[in-house]
Amino acid sequence: MTIIKRGFAALAAGALSTALAVPAFAEPVKFDFWFGLSGDLARVVDTLCKNFNDSQKDYEVVCTSQGNYDATLQNTIAAFRAGKQPTVVQVYDVGTATMMLSGAYKPADKLMEENGYKIDYSDYFPGIARYYATSKGEMLSFPFNSSTALMYWNKDAFAKIGKTEAPKTWEDVGADLKALKDAGYDCPMAINISANESWQLMEQFSALHNQPIATKNNGYDGLDARLEVNKTKFVQYVTDLKKWYDAGLIKIKSKDLGQDMVQAFATGTCQLILTSVGDHGTVGRTQKEGMNWDVAELPVYAGTERKNSLVGGASLWVLSGKSDAEYKGAAAFLNFIHDPKTALFWSTNTGYIPVTKSGFDFMKSNGFYDKAPYKGREVAIESLTASEPTEITRGVRLGNFTQIRAEFGTQMQAIFANKVSVQEGLDTLVKNGDAILERFQQTYPGKTLP
Amino acid sequence: MEKRVTFGRWTIGILFAVPQLILIFTFFYWPAGQAVYWSLTLQQPWGGGNIWVGLDNFRSILANADYWNSITASMIFAGISTGLAMVIALVLAALTDRQLAGSSLYRVVLIWPYGIAAPALALAFRFILAPEAGFMAVVNKVWPGFWDPGLDGADAMASIIIAFSWKYVGYNFIFFLAAFQAIPRSLIEAAAMDGSGVIRRFWDIQFPLITPTIFFLLVINITESFQDSFGIVDIMTAGGPANATNLMVYKIYSDGFKGLDYSGAAAQSIILMLLIIALTIVQFRFIERRVHYR
């Protein structure tokens, strides 16, 4: 039913936009932008769109939230197959490989060049640019909302065990969790083990330790990449997490159980969590009165040379099959988003980080990171720029990665429920993940990633 | 002799049937045919092309242990939730039919659950059954670790069964009550005068007379438990933990829409369709024999 409804809605929206897109004198050219954020964040995007429409007279962007990232991609595909696609669409990080093979986009760098905009691509933080760029370094889409994972720690609790700094290694974390437990804290650390946490537990961990998730440089070099997380340092990490869980040092917190880990941290129930910098604002707004907390980079195992962490979020793709006038509008819109002033507006109103060095510098010079609610978010930039991205820490470019993340959740749940051992669970993850990758490869015979 | 109204020419009859045929074709045969075609090809999600693979999609699905796990989970879910929903509704309807005090109130109240959309209902049950915050938190306090749908597959399965049964109790109740009320009072009164008790009357008179309704509800409940479970699973467990509640209809959704594997999802929906058809045939062949239509 909903699919049919959405189909009709898409048709209606499409018909409407073509009807309105007929160029007329003095009427601005309208074009569609579909995005996947909802709630507070959707309101910020709407304001952003309004600011763009007010900033000039030639174009008018019509921004429509599709609810979430999955739905945005699904609806865009349905609309594209019906020839009613939006001009600009927000696609989440792990959808990048699917988009690159779709043949349904207009390369963003070419679009900007054709319309006379000069974008300095070296201005993007390399960790962000490389995640979305082709293996040759071309930007097919524009990074939009970006974040990375951080460790949130409760300063009050750590003060009780005589610590004034966040643990930097996992060995220290183990000792600190034990000390917190002995000091009477029931939940020293909270994690969750659904598909979503693949990001901070598997992907970020692997990048920081320069460990591959898949062969062929995490898939950048070919569709025949296969998973290999069952023989990297990640095995050790899951083993430790499971050990700490069994010892009662880690508790599983999720919305289904009553309280997710961000709530558990903000209310002071749990003392340590690993989550996105995007939650920085939420913790600040919902924290227990007077609680002292801070963020730090994710820990690494002792003796590891720390690499950059991965960016998370989404980028903006321009789809093929639209008119030149709409492309002009899209280019102007992307240029507007690229502006450092927009970066300041965007980061102030959301928890996302600036994606360009000039945006970051502009925000720093405005004293953004000195003020209380935003102080600490610069740690995300430090984490993202801890090193030049290596062949492995550029990102993850695997087909149908959403399904691999789901498989990660499934196997972690099996491991934590003592159904299988850590090694067995990760072996199954690799086996099932490889079947997904193989299927993706078969669907695109003879095609290669750009 | 029976008198029949017939059309002079067969074309007029066809003409009258055309609007209905077009509807059925557009909304059933065409999509179903498309699904069959997709299940025999590998579809690129963006429509860039497809390859004919014959029965490969079916082979790879049937060779997948996760898929068999999904079939087993669906069967368990269908069996238990249908049983629960029907037995509870039958008991409630029988009691309401006896005109016990307040039965007019129950009649209205018991119909409500069916009117609630599955996701809304699932959200409510997620609160009620949350091990740390809801009603079950009290039980967990007394008996730590008793209820943990986050990691224990059996607990998660129990949650979705409870939520689904709760909804269908209302639906079944309407039909059972109507069936009970269609039984002539005189039959029951005669039996009562002959000295049979409530239970005796139920088994010997009421139950045999409502078997057509029981059979109808059995078919509907089993079919719906395969199809209408989606909203509940999506909100309450998302198929977890460790695939314990990954019912067939949910797996079709997650493979097709989240994983963009349209061909695999199409093949799975063909299998689901065949399974439901087979189950319905079995019910008509073997159970309907025991049904007495009046």
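**Sheets, helices and the contact between two chains**

Strand β6 (residues 149-154) of chain A pairs with β10(A) in the antiparallel sense, and four bridges hold the register between them. In this predicted model, one of the positions that can be followed by eye is W153(A), whose bridge partner in β10(A) is D294(A). The pair belongs to an open sheet of three strands in chain A, with the order β9-β6-β10 and antiparallel pairing. At the edges stand β9 (272-276) and β10 (293-296) of chain A, each with a single partner strand, so one side of each has no neighbour in the sheet. From one strand to the next, the twist averages 30°. Strands of a sheet pair through backbone hydrogen bonds, and the pairing may be parallel or antiparallel.

The parallel arrangement is found elsewhere in chain A, where strand β1 (residues 29-35) and β2(A) run parallel and are joined by seven bridges. A handy place to pick up this pairing is V29(A), which has Y59(A) as its bridge partner in β2(A). Strand β2 (residues 59-65) of chain A also has two distinct faces: Y59(A), V61(A), C63(A) and S65(A) form the covered one, while E60(A), V62(A) and T64(A) form the uncovered one. Y59(A) thus appears in the bridge to V29(A) and on the covered face of β2(A).

Attention now turns to the place where the chains meet. Chain A contributes 32 residues to the contact, and chain B contributes 27 residues. On the chain A side, the elements giving two or more residues are α3 (69-81), α4 (96-102), α18 (401-416) and α19 (422-443) of chain A. The most comes from α18(A), with eight residues. Sorted by class, the side of chain A that touches chain B has 16 polar, 11 nonpolar and five charged residues.

Chain B itself has 14 helices and two strands. Along the principal axes, its C-alpha atoms fill a box of roughly 80 × 75 × 30 Å. Of the 294 residues in chain B, 35% are buried. Among the contacts in chain B with a separation of 6 or more, 69% are between residues 24 or more positions apart.

One helix of chain B that is mostly covered is α13 (residues 248-258), in which nine of the 11 residues are buried. The buried residues of α13(B) are M248(B), V249(B), Y250(B), K251(B), I252(B), S254(B), D255(B), G256(B) and F257(B). Their cover includes elements of both chains: α3 and α18 of chain A, together with α3 (65-97), α11 (211-227), α12 (230-236) and α14 of chain B. Here α18(A) comes up again, the element that gives the most to the side of chain A that touches chain B.

The loops on either side of α13(B) have some backbone features worth a look. Most residues other than glycine have a negative phi, and most peptide bonds are trans. In the loop between α12 and α13 of chain B, where P241(B) is placed, the peptide bond from G240(B) to P241(B) is cis, with omega near -10°. A242(B) is found in the loop between α12 and α13 of chain B as well, and its phi is positive, near 50°, although the residue is not a glycine. A242(B) counts as buried because it has 25 C-beta neighbours inside 10 Å, where 20 or more are needed. After α13(B) comes L260(B), in the loop between α13 and α14 of chain B. L260(B) has a positive phi of about 55° without being a glycine. L260(B) is buried too, because 25 other C-beta atoms lie within 10 Å.

Beyond that loop, helix α14 (residues 262-287) of chain B packs against helix α1 (residues 10-39) of chain B, their axes coming within 7 Å and crossing at roughly 120°. The two helices are therefore oblique to each other, and α1(B) passes α14(B) in a left-handed crossing. On α1(B), the contact is made by A35(B), V36(B), W38(B) and S39(B). On α14(B), the contact is made by Y262(B), S263(B), A266(B), A267(B), S269(B) and I270(B). By class, seven residues of this contact are nonpolar and three are polar, with no charged residues.

Technical notes. Residues numbered from 1 in each chain as written. Chains lettered and ligands numbered in written order. Predicted model: local features only at pLDDT ≥ 70, side-chain atom pairs only at ≥ 80, totals over all residues. Axes fitted to C-alpha atoms, helices over the stretch in contact; angles between N-to-C directions. Parallel < 35°, antiparallel > 145°, perpendicular 65-115°, else oblique. Left-handed = near helix turned anticlockwise from the far one by under 90°. Contact = placed C-beta atoms within 7 Å. Nonpolar A, V, L, I, M, F, W, Y, C, P; charged D, E, K, R; others polar. Pairing = 2+ DSSP bridges. Buried ≥ 20, exposed ≤ 12 C-beta atoms within 10 Å, placed from the backbone.
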